[in-house]
Amino acid sequence: MRLGVLDIGSNTVHLVVVDAYSRARPDPFADERSIVRLMQYLEDDGSINPEGVQALERATRKAVAFSRKNNVDELIGIVTSAVREATNGPQVMERLEKIAGTKFGVLSGAEESELTYFAARRWHGWAAGRIMVLDIGGGSFEVSLGIDEEPEFVASVPLGAGRLTKDFLKHDPPRASELVLLRREIESQLEPLAQQLKELPSPDHVVATSKTFRSLARLAGNRISVVGPEERRRMSRSDLGDWVERIARLPAASRMELPGITPERTYQIVAGAEVAYKAMKMFKIKRLEICPWALREGVLLERIDRFDSAPRTSGLDLSDLG
C-alpha cells in the first residue's frame, strides 16, 4: 500500500509518501513540502490571519495534487501546535480537510512526543538501551525517555524555534537584550523538566530529531557514517556551544552561507540553537546522535503496525514447544 502523511506544521506543510508492507520497513517513495512559516501569520489574539490561511490552503492543494499524481492509496493528515493552538484553528482545519478530502488528526504535544519517540526507538533498535529523544519544532519542544516502545516520560513545552523567534527576536541580528530575555524564558520552561528527569534512570543513548537539530549537527557536529541515503551525525554540547554566540551575531542572510543552514531555517536557527544548547546543558547531555526518523515516520509506523494483527505464518508448528 502506498501511504502518505500530510503534516501541517508550524514551519512547513510536508507530505511524505512511502510504500508500506506488513512487518517491513517503510520504503520511501517521494516527498513534497511547502515553506509556510505560520508563526508570521499569527495575530495578537492568537488567530491565523487570512493571508496565513490562504498560504496553508495553497500548500495543502499542492500536497494533495502531488499525492494523487503519485497514486497514494491512503492519505493521513495531522496538525501540530501552530494550528492546534490558534484561536481559529478548528475553522482553519475544517477548510483544509475539505481540500484534502480526509479528516485530520489533531496531535497534542504529548502525542507528538510519543510518536517521535516511537519512530526513534524503531530506528535505533533495542540495542540502544534506554533512549532520550529531543525534538525542536516550530511551535514546541518535546522530550521523551524510555526503554520500551512506549516512553515512560514525555513532555512538551512552548519552546519551538519559530514561536521563540516571533516572540523574542525582533531584530536581525538579535540584540543582546533580546537574547537575555530569550534565555530566561528557555531556562524557566526547561527547569521543571530537568528536575523531573533527574529522578529517572539516565539514558544510555540520546538522540535528536527535527530539521533544527539536523541543521545544527551539519554545522557543529561530525558525520560518523552513511547508511544508504541516510547520513549519521553526532554532535557534542561543547561543539554546539562554540557556535551559539557566533550565529547570533550574524544577520540571517549571512547565516545561509554556513553549512546546513537553509533559507527556510536561517531566521529561526538562533532560537533553535539556544533551545538545543540549553537543553543539552540542563539535562546534562554531553553528546547526542541525530535520528532521521521523527513524527511523520512515527505516524506511518503506527499505521503499518495495524495492517495485520494476525499471527506470523512461518510454516512452523510452535504449539508443542515449551
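This report describes the sheet and two of the helices in a predicted model.

## The sheet

Five strands form an open sheet in the order S3-S2-S1-S4-S5, and the pairing is mixed. Its edges are strand S3, residues 27–35, and strand S5, residues 104–106, each of which pairs on one side only. From one strand to the next, the twist averages 20°.

Strands of a sheet pair through backbone hydrogen bonds, either parallel or antiparallel. At the S5 edge the sense is parallel: S5 pairs with strand S4, residues 74–79, over 3 bridges. Within this part of the sheet, Gly77 has Phe104 of S5 as its bridge partner.

## Helix H3

Helix H3 covers residues 89–100 and lies across three strands, namely S1 (2–8), S4 and S5. The helix runs at about 150° to S5. Of these strands, S5 is an edge strand of the sheet, and S4 is its parallel partner.

## Helix H4

Helix H4 spans residues 109–124, 16 residues in total. The distance from its first C-alpha to its last is 23 Å, close to the 22 Å expected at 1.5 Å a residue.

H4 is mostly covered, with 12 of its 16 residues buried. The buried set includes the aromatic residues Tyr117, Phe118 and Trp123, as well as Leu115, Ala119 and Ala120. Glu112, Arg121 and His124 are also buried, as are Gly109, Ser113, Thr116. Just after the helix comes Gly125, which takes a positive phi of about 80°.

Notes. Residues numbered from 1 in each chain as written. Predicted model: local features only at pLDDT ≥ 70, side-chain atom pairs only at ≥ 80, totals over all residues. Heavy atoms only, no water. Pairing = 2+ DSSP bridges. Helix = DSSP H or I, 4+ residues; strand = E, 2+ residues; numbered from the N terminus. Axes fitted to C-alpha atoms, helices over the stretch in contact; angles between N-to-C directions. Contact = heavy atoms within 4.5 Å. Expected span 1.5 Å × (residues − 1). Buried < 20%, exposed > 50% of the residue type's maximum accessible area, 1.4 Å probe, protein only.
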